[in-house]
Amino acid sequence: VTEEKEMIVQQGQEQVPALRSRILGTISQTVHDFRVADKSGKVDMLGRLGFFIPAIASTIIIVLILAFLWYESVPIFVDPNAGPGIIVSPTWDPNRDLFGIAIFIIGSLLCAGIAIGIAVPLGIGGAIFLSEFCPMRLRQPIKSVIEMMAAIPSIVYGLWAYLVLVPIIKNNIAPITQSTTNGLSLLAGGLILAIMLLPTIVTISTDALQTVPRSLREASLALGATQSETSRKIVLSAALPGVGAAIVLSLGRAVGETMAVLMVTGNSLQIPYSLFDPTYVMTSIITNQLGYAFVFPLWRSALFAVGFILLIMSICFTLTAKFFIKWGMKTRGYI
Amino acid sequence: MQVSINSESFLYRLYGRIGLKDAMKSRRHFSDYIFKILLGIIIIIICSPFFLILFQVASVGFWQVFGTGTGQGLEFLFTFPGAGLEGGIRNAFVGTVELIAMASVVGIPLSVFGAVYINEYTRPGYMREVIEFTSDVLAGIPSIVFGAFGFTFLVDFLHIGMGIIAGSVTLAFMMIPTILRTTEEALRAVPMSLREASLALGATKWSTIWNVTLRAAFPGVITGVLLAVGRVMGETAPLIFTAGNSLSVPTELTGPGSWIASMPYTIWAYISDPREYLQVKAHGTALALMMMVLTIDIVANLISRKVTRRLV
């Protein structure tokens with residue numbers, strides 16, 4: 001046994017110089033190749049390096065974003081009066097050094113939840129229509145309109161919601177339940193978010209539905225199922241991973257949407273108890289207060305902590321969507 | 001006899017034509033029919049906000065952008081705002097164009113060359129997956145987080161200061177994922193035989209990429225660039241803390257003289273203002289911005305359709 005051990009140690013000792021000489025050899029070989037190469041060969045080798053640096057740019061940017069947001073939000077997490085407890089503490093009052101961000105997280109999740117609740121049934125319905133029942137003449141115009149909806153800047157959605165949707169909620173919808181509101185409410189935020197999410201859900205789901213093989217539909221129809229039964233029970237369940245990815249991606253967009261929500265949710269520091277109560281979401285607090293806060297270290301740090309949580313949430317949503325796609329590739333072979 | 005007369009009548013033909021005749025056959029056929037009608041209603045609901053928004057913006061802002069009176073039409077786009085923000089939006093219009101131009105100068109090479117490296121030099125594996133994953137993560141990051149990052153990294157840490165450079169570099173970061181993924185797809189669609197033919201003629205990889213591969217993938221690259229430009233053109237949140245705002249165009253690259261206005265920011269500032277005439281100007285700006293963004297989007301779609309048609 002001891003001999004074997006010695007052998008292994010010896011091998012390990014031999015491997016280190018071997019590895020080193022191999023690396024040195026590769027480097028000197030590269031340098032030698034570069035020196036003997038003609039002009040176009042030199043350009044080729046330098047060009048490879050020139051392409052490599054942009055390739056890792058996106059990775060570097062992600063690392064920088066994580067590092068800087070973490071660096072900026074550390075002070076609030078290590079502060080004795082604040083600490084990690086700010087995530088569940090509901091009082092935000094920078095004047096008294098109270099930086100609870102729970103109300104923003106609740107506001108964001110409620111807004112996104114309402115938006116998803118409205119947008120998912122509509123979006124999946126629209127996707128089924130586009131991929132299964134749409135007459136050929138109508139398909140391209142409808143697709144173009146939906147793509148253009150995705151391109152409209154969020155500030156324009158915000159403008160429309162502020163000037164059209166909010167008065168409608170104030171004058172027409174709120175009186176139904178005998179509640180009074182100035183219209184700037186959770187419902188307005190959820191509705192405009194739902195409208196903004198619809199293009200994403202419809203486009204990705206339509207693509208997912210269209211990758212379902214034709215043979216599945218034909219088999220179902222041949223068994224005597226009606227078209228609606230085929231599309232609901234066969235096509236939709238076959239495309240479930242793609243639809244799931246669409247929903248998760250749009251959820252990420254809903255939580256991260258800034259300008260439109262900022263303009264219509266009323267920005268009031270309270271937990272909303274009804275649809276017509278104003279609320280405050282995570283993106284709005286950063287937009288509204290970072291400008292004033294950057295000279296107060298703790299306040300500024302709390303806002304960056306909100307940004308850091310947003311970042312972690314968006315990374316989680318992307319990971320979940322990737323998981324859905326992997327699941328689809330594994331169980332169905334397409335997505 | 002009664003039936004044959006009925007089948008001639010208009011109502012009966014309509015009854016067959018809209019499918020009700022089939023739908024009445026059984027309960028399952030009826031629910032099938034209802035389901036289809038429901039989907040038709042849903043697609044109308046989905047598309048209607050686009051026209052409602054267009055109507056709202058155009059009904060107030062149309063004469064601001066297309067009118068011929070004082071302060072309307074081209075005069076609106078090409079005069080600086082004066083006292084009390086009367087006048088045009090030249091600061092915002094020129095600001096947006098300058099920001100997008102500088103963002104493109106930084107962002108397009110970064111993402112196109114990155115995609116070339118992933119597709120031409122790496123084998124499918126660990127490195128490619130990492131880069132693709134990070135660009136997907138980058139695409140999902142909220143715009144306000146980009147703004148906060150640009151503020152702490154570019155403005156504060158690198159001491160660039162608010163202004164045109166910080167604003168456009170932040171926008172360039174946001175352009176990367178869109179262009180990278182579109183370029184990658186376009187490069188993947190270039191047939192291997194083209195590259196092999198070029199390499200067999202003795203060309204280096206570098207000249208193959210520039211003269212053959214990128215040229216064949218050019219329409220796809222342009223599509224990605226246009227989509228990315230259209231997307232960042234309407235972004236407000238990243239610019240609030242990085243570009244600042246200004247009533248004129250920037251005169252220097254750093255310092256307070258480099259603060260720059262943009263059209264989305266101007267819409268936000270004008271719409272939050274209680275003065276009545278600023279609402280009209282906000283609508284005019286929104287209409288101009290929407291027209292720019294939608295034109296870019298339509299052109300991108302036209303190019304990409306041509307590409308797919310040619311490849312198929």
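The paragraphs below go through a predicted model, from its confidence values to one helix pair and then to its cavities.

For the complex, the predictor gives an ipTM of 0.88 and a pTM of 0.88. Chain A has a mean pLDDT of 88, with 95% of its residues at 70 or more. Within chain A, the lowest confidence falls in helix α1 (residues 2-36), where the mean is 76. The highest is in α4(A), at 94.

For chain B the mean pLDDT is 86, and 92% of its residues reach 70 or more. Helix α10 (residues 192-200) of chain B has the highest confidence in that chain, at 93. The lowest is in helix α1 (residues 2-8) of chain B, at a mean of 50. Residues 1-5 of chain B have a pLDDT below 50, and apart from near neighbours in sequence this stretch has zero contacts in the model. Residues 308-312 of chain B also have a pLDDT below 50. That second stretch has three contacts beyond near neighbours in sequence. Where pLDDT is low, the predicted coordinates should not be read in detail.

The next topic is a helix pair in chain A. Two packed helices are described by the angle between their axes and the distance between the axes. The pair here is helix α4 (residues 102-133) of chain A and helix α10 (residues 240-256) of chain A, whose axes come within 10 Å and cross at roughly 145°. The crossing of α4(A) and α10(A) is right-handed.

Which residues make this contact? From α4(A) come A:A112, A:I116, A:V120 and A:I124. They meet A:V243, A:I247, A:S250, A:L251, A:A254 and A:V255 in α10(A). Of the residues in this contact, nine are nonpolar, one is polar and none is charged. The polar one is A:S250, because serine is not among the residue types counted as nonpolar or charged.

The last topic is enclosed space. A search of the whole structure finds three cavities of 30 Å³ or more, and the largest has a volume of about 50 Å³. Its lining consists of B:T96, B:L99, B:I100, B:L171, B:V232, B:M233, B:E235, B:L239, B:S262 and B:P264. Two elements of chain B, α6 (90-121) and α12 (218-233), each give two or more residues to this lining. The most come from α6(B), which gives three. By class, the lining of the largest cavity has seven nonpolar residues, two polar and one charged.

Key: Residues numbered from 1 in each chain as written. Chains lettered and ligands numbered in written order. Predicted model: local features only at pLDDT ≥ 70, side-chain atom pairs only at ≥ 80, totals over all residues. Heavy atoms only, no water. Axes fitted to C-alpha atoms, helices over the stretch in contact; angles between N-to-C directions. Helix = DSSP H or I, 4+ residues; strand = E, 2+ residues; numbered from the N terminus. Left-handed = near helix turned anticlockwise from the far one by under 90°. Contact = heavy atoms within 4.5 Å. 1 Å grid on protein atoms, 1.4 Å probe; cavity = no way out; pocket = protein on both sides within 12 Å on 5 of 7 lines; lining within 4 Å. Points joined across faces, edges and corners; volume = space filled by probe spheres on them. pLDDT = per-residue confidence, 0-100.
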